[in-house]
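Me: I'd like to learn how to read a structure like this one. Can we go through it feature by feature?

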Amino acid sequence: MNKKVISALLAASMMTTMLAGCASGGSDNAAATDASTTAATEAAADTESTDAAPADSTGKTVGISMPTKSLERWNRDGSYLQKQFEDKGYKVELTYSDNKSAQQNNDIEGLIADNVDLLVVAAIDGEALSQVLDEAKDAGIPVISYDRLIMNTDAISYYVSFDNYTVGQLQGQFVADQLDLENQDGPFNIEFTAGDPADNNAGFFFNGAVDVLQPYIDAGKLVVPSGQTKFDQVATAQWDTATAMKRFQNILGSYYSDGTQLDVALCSNDSTALGVTQAIESDYAGSNQVLITGQDGDEANLKNIVDGKQTMTVYKAVANEAVVTLDLATAMLNGETPDATLIDKSGWDFDCSYDTTSYDNGTGIIPSYLLVPTVVTKDNLDDALVTPGYYTKDSDGYLHPVG
């Protein structure tokens, strides 16, 4: 992230603090998020950019469709995307669809009717948008599939995301390293909590983790007392915290009430990890500290990491994801056909790869720009999140997202 962007975002954070205070709890504070988005936009407007806007950006409109405001990370994505595009002179229409696929279809239809020049879509259900995006293709509107791969439509031009299989691998390897499974026989007890079946990424996260840990399960070093090892057994609809908590309370009551020790709760993201942590706090009979994984860097979960309740999260710098999306969209709107050379031309100061083999949405391989996620623990919170300008830290040592 360049220094000008960081300065703007830090200024926005200060403005947001005056407007709404530094609220914890993340996804439940929509009003604070809206204030943050407004502050970020106003701060950015007062910040000079060293990069000239694309010559033909004036008057062009980008439609952005986000899944929901009920998960903290999508508020961050929407805010960063809007800021990046508006800083370059584009008009932006940003919608949130309340985690309802029918509403997202309607929102995208509205963006098409408004004659946007390009669509950036983070799908609620990757299987539910083919018809409306076919309409976008017929209208000559290119589509970038953002963060979640949209399936079964050839309307998708590119996919921008993180290496989602690697996210799961990082979680699995973290568990293996923490338990020293190469040298320790165990057995250690582990339970899995995965994500939304409608989210194409959820399978990548889960499979990445399981592929790392399966040899230790096969060797008897890791044991799953519940026997729930398949994705459809451990999935969590809409990544919902309350759903994850209720399921895990049932697991604890059924398999751990006799004092059996739980060593690891591998959760695919932070909203499910939050529910699992709440279940462990209320229903776990054991006295040991359970290793709990997550993903996203949600504010409430970072607080839990500081407090020693959650062990790690995999952070995906969505500000960088927005930068890639902006440069990709700009090239497309300039009539170019982006490929691997976009990475060299852009001079990004973060890792990103160009993939033309891994992501098939049912109509063919979708060219993909994949960023690299970061493991965050209590030990590297400052280096990974505060120093780059993604979060600020208050006097109590808790982190709050910038922008």
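Me: Which residues of helix 4 meet residues in helix 5?

Reply: This is a predicted model, so read everything here with that in mind. To read a helix pair, list who touches whom on each side. From helix 4 you have Asn 105, Ile 108, Glu 109 and Ile 112; they meet Val 132, Leu 133, Glu 135 and Ala 136 in helix 5. Sorted by character, the residues of this contact are five nonpolar, one polar and two charged.

Me: And how do the axes of helix 4 and helix 5 cross?

Reply: Look at the approach and the angle together. Helix 4 covers residues 101-113 and helix 5 covers residues 130-138; their axes come within 9 Å and cross at roughly 5°. Angles under 35 degrees count as roughly parallel, so helix 4 is roughly parallel to helix 5.

Me: Next, charges. How many salt bridges does the count come to?

Reply: The general idea first: side chains of opposite charge can pair when their charged atoms come close. Here the count comes to 13 salt bridges. Try one that involves helix 5: Asp 154 and Lys 137 meet through their side chains, 3.0 Å from N to O. Lys 137 is in helix 5, while Asp 154 sits in the loop between strand 4 (143-146) and strand 5 (156-162), 17 residues apart.

Me: Are Asp 154 and Lys 137 buried, exposed or partly exposed?

Reply: Check the relative accessible area of each partner. Asp 154 has 47%, so Asp 154 is partly exposed. Lys 137, at 42%, also counts as partly exposed.

Me: What about Lys 316 and Asp 147, buried or exposed?

Reply: Both Lys 316 and Asp 147 are buried. Their side chains form a salt bridge at 4.0 Å, N to O. Then ask where the partners sit: Lys 316 is in the loop between strand 10 (312-315) and helix 12 (318-333), and Asp 147 is in the loop between strand 4 and strand 5, so the bridge ties together parts 169 residues apart in sequence.

Me: Which residues are linked with Lys 316 and Asp 147 in a network of salt bridges?

Reply: Follow the shared partners. The network links Arg 73, Asp 77, Asp 147, Lys 316 and Glu 321.

Me: Give me one more pair. Where do Glu 281 and Lys 309 lie?

Reply: Glu 281 and Lys 309 form a salt bridge whose closest N and O atoms are 3.1 Å apart. Glu 281 belongs to helix 10 (residues 270-283) and Lys 309 to the loop between helix 11 (299-306) and strand 10, so this pair joins parts 28 residues apart in sequence. Lys 309 is partly exposed, with a relative accessible area of 32%.

Me: How do I read a glycine in a loop? Say, where is Gly 294?

Reply: Place, cover, then neighbours. Gly 294 is in the loop between strand 9 (291-292) and helix 11. Its relative accessibility is 0%, so Gly 294 counts as buried. Gly 294 touches residues beyond its sequence neighbours, including Gln 171, Cys 267, Ala 273 and Thr 313. Asn 269 is another contact: the C-alpha atoms of Gly 294 and Asn 269 are 4.3 Å apart, though the two are 25 residues apart in sequence.

Me: Finally, zoom out. What share of the residues of the protein chain counts as buried?

Reply: Of 403 residues, 54% count as buried. The chain has 14 helices and 15 strands. Among contacts with a separation of 6 or more, 71% are between residues 24 or more positions apart. The exposed area is about 15,900 Å², with 46% of it supplied by carbon and sulfur atoms.

Conventions: Residues are numbered from 1 along each chain as its sequence is written. This is a predicted model: local features need pLDDT of at least 70, side-chain atom pairs count only at pLDDT 80 or more; totals for chains, interfaces and linings use all residues. Side-chain values use heavy atoms; hydrogens and water are left out. Axes are lines fitted to C-alpha atoms, for helices over the stretch in contact, and angles run from 0 to 180 degrees between N-to-C directions. Helices (H or I, at least four residues) and strands (E, at least two) are DSSP runs, numbered from the N terminus. Angles under 35 degrees count as roughly parallel, over 145 as roughly antiparallel, 65 to 115 as roughly perpendicular and the rest as oblique. Contact means heavy atoms within 4.5 Å. Ala, Val, Leu, Ile, Met, Phe, Trp, Tyr, Cys and Pro count as nonpolar, Asp, Glu, Lys and Arg as charged, and the others, Gly among them, as polar. Buried means under 20% relative accessible area, exposed over 50%, partly exposed in between (1.4 Å probe, protein chains only). Accessible areas come from the Shrake-Rupley method with a 1.4 Å probe; for residues, only the protein chains shown count as cover. Lists of a residue's contacts leave out its neighbours within four places in sequence.
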